[in-house]
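Grab a pencil and have the 3D view ready. Here are a few exercises to work through, each with a solution in steps.

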Amino acid sequence: MSLQTIVTNAPLAEDVRAYLLERIEKEGATADVLATVKEALQAYIDAGFKSEGIEVNAKDPVVVTAQQAFAEEVAEATAEFTEETENLAIDAAVEQAKANKALDRLQANTVRAQMAT
């Protein structure tokens, strides 16, 4: 699951979601962007608990486990996002090279045709 998918599917306010997706698109999955995503998700979680009158103990083993699981999922999403971005960059470079080669052939054929006339 990519970082963009996580943010898109997260139960966040539309303006927060749009802001996060814009940052991901512009900056990529940098440490700063990841921290911002984590803060937004944590703020949503904390607000939900607070509205229910539940105080969260950050040292509670259940909370620690959940935070670790979240951190692992974010790390996996980041790795997947980075890998996909690199793969797309490679694919784009290959396609650009093919297009350049085809253009070179076309230009060479045009020059030959002009010289033949």
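**Exercise 1. A nonpolar patch**

Which residues form a nonpolar patch on the surface, and how much accessible area do they have together?

*Solution.* Keep in mind that you're looking at a predicted model.
- Step 1: Pick out the members, which are Tyr44, Ile45, Phe49, Ile54 and Val56.
- Step 2: Take their accessible area together, and you get about 420 Å².
- Step 3: Zoom in on one of them, Val56, which sits in the loop between α3 (31-51) and α4.
- Step 4: Classify Val56. Its relative accessibility is 40%, and partly exposed covers the range between 20% and 50%, so Val56 counts as partly exposed.

**Exercise 2. The overall build**

Work out which elements the chain has and how its radius of gyration compares with that of a compact globule.

*Solution.*
- Step 1: Count the elements: there are four helices and zero strands.
- Step 2: Read them from the N terminus on, and the order is α-α-α-α.
- Step 3: Take the rule for a compact globule of 117 residues, which would put the radius of gyration near 13 Å. This chain comes out at 24 Å instead.
- Step 4: Check that against the C-alpha trace, which spans about 85 × 25 × 20 Å along its principal axes.
- Step 5: Add the burial figure: 20% of the 117 residues count as buried.

**Exercise 3. A pair in helix α2**

Find the partner that Glu14 meets in a salt bridge, then decide for each of the two whether it is buried or exposed.

*Solution.*
- Step 1: Start with the idea that side chains of opposite charge can pair when their charged atoms come close.
- Step 2: Look at the side chain of Glu14, and you'll find Arg17 at 2.4 Å, N to O.
- Step 3: Place the two along the chain. Both lie in helix α2 (residues 14-27), three residues apart, which is about one turn of the helix.
- Step 4: Sort them by accessibility. Glu14 has a relative accessible area of 57% and is exposed, whereas Arg17 has 12% and is buried.

**Exercise 4. A small network**

Which residues are joined with Arg23 into one salt-bridge network?

*Solution.*
- Step 1: Get the total for the whole structure, which is five salt bridges.
- Step 2: Take the bridge from Arg23 to Glu27, at 2.9 Å from N to O. These two also lie in helix α2, four residues apart, or about one turn of the helix.
- Step 3: Compare their cover. Arg23 counts as buried at 11% relative accessibility, while Glu27 counts as partly exposed at 38%.
- Step 4: Now take the bridge between Arg23 and Asp32, at 2.7 Å from N to O.
- Step 5: Put the two bridges together: Arg23, Glu27 and Asp32 form one network through shared partners.

**Exercise 5. Along helix α4**

Find the negative surface patch, then say where Glu76 is found and whether it is buried or exposed.

*Solution.*
- Step 1: List the patch: Glu72, Glu73, Glu76, Glu80, Glu83, Glu84 and Glu86.
- Step 2: Locate Glu76, which is found in helix α4 (residues 61-116).
- Step 3: Apply the cut-off. Exposed means over 50% relative accessible area, and Glu76 has 54%, so Glu76 counts as exposed.
- Step 4: For contrast, try Thr65, which lies in helix α4 as well. At 49% relative accessibility, Thr65 counts as partly exposed.
- Step 5: Finish with a distance. Thr65 and Ile6 are 59 residues apart in sequence and 19 Å apart in space, C-alpha to C-alpha.

How values were computed: Residues are numbered from 1 along each chain as its sequence is written. This is a predicted model: local features need pLDDT of at least 70, side-chain atom pairs count only at pLDDT 80 or more; totals for chains, interfaces and linings use all residues. Side-chain values use heavy atoms; hydrogens and water are left out. Patches are made of residues with over 30% relative accessible area and no salt bridge: like charges are joined within 9 Å, nonpolar side chains (Val, Leu, Ile, Met, Phe, Trp, Tyr) within 5 Å. Accessible areas come from the Shrake-Rupley method with a 1.4 Å probe; for residues, only the protein chains shown count as cover. A salt bridge is a side-chain nitrogen of Lys or Arg within 4 Å of a carboxyl oxygen of Asp or Glu. Lys and Arg count as positive and Asp and Glu as negative; His and the chain ends are not counted. The place of a charge is taken as NZ of Lys, CZ of Arg, CG of Asp or CD of Glu. Buried means under 20% relative accessible area, exposed over 50%, partly exposed in between (1.4 Å probe, protein chains only). The radius of gyration is taken over C-alpha atoms; the globule rule is 2.2 Å times the number of residues to the power 0.38.
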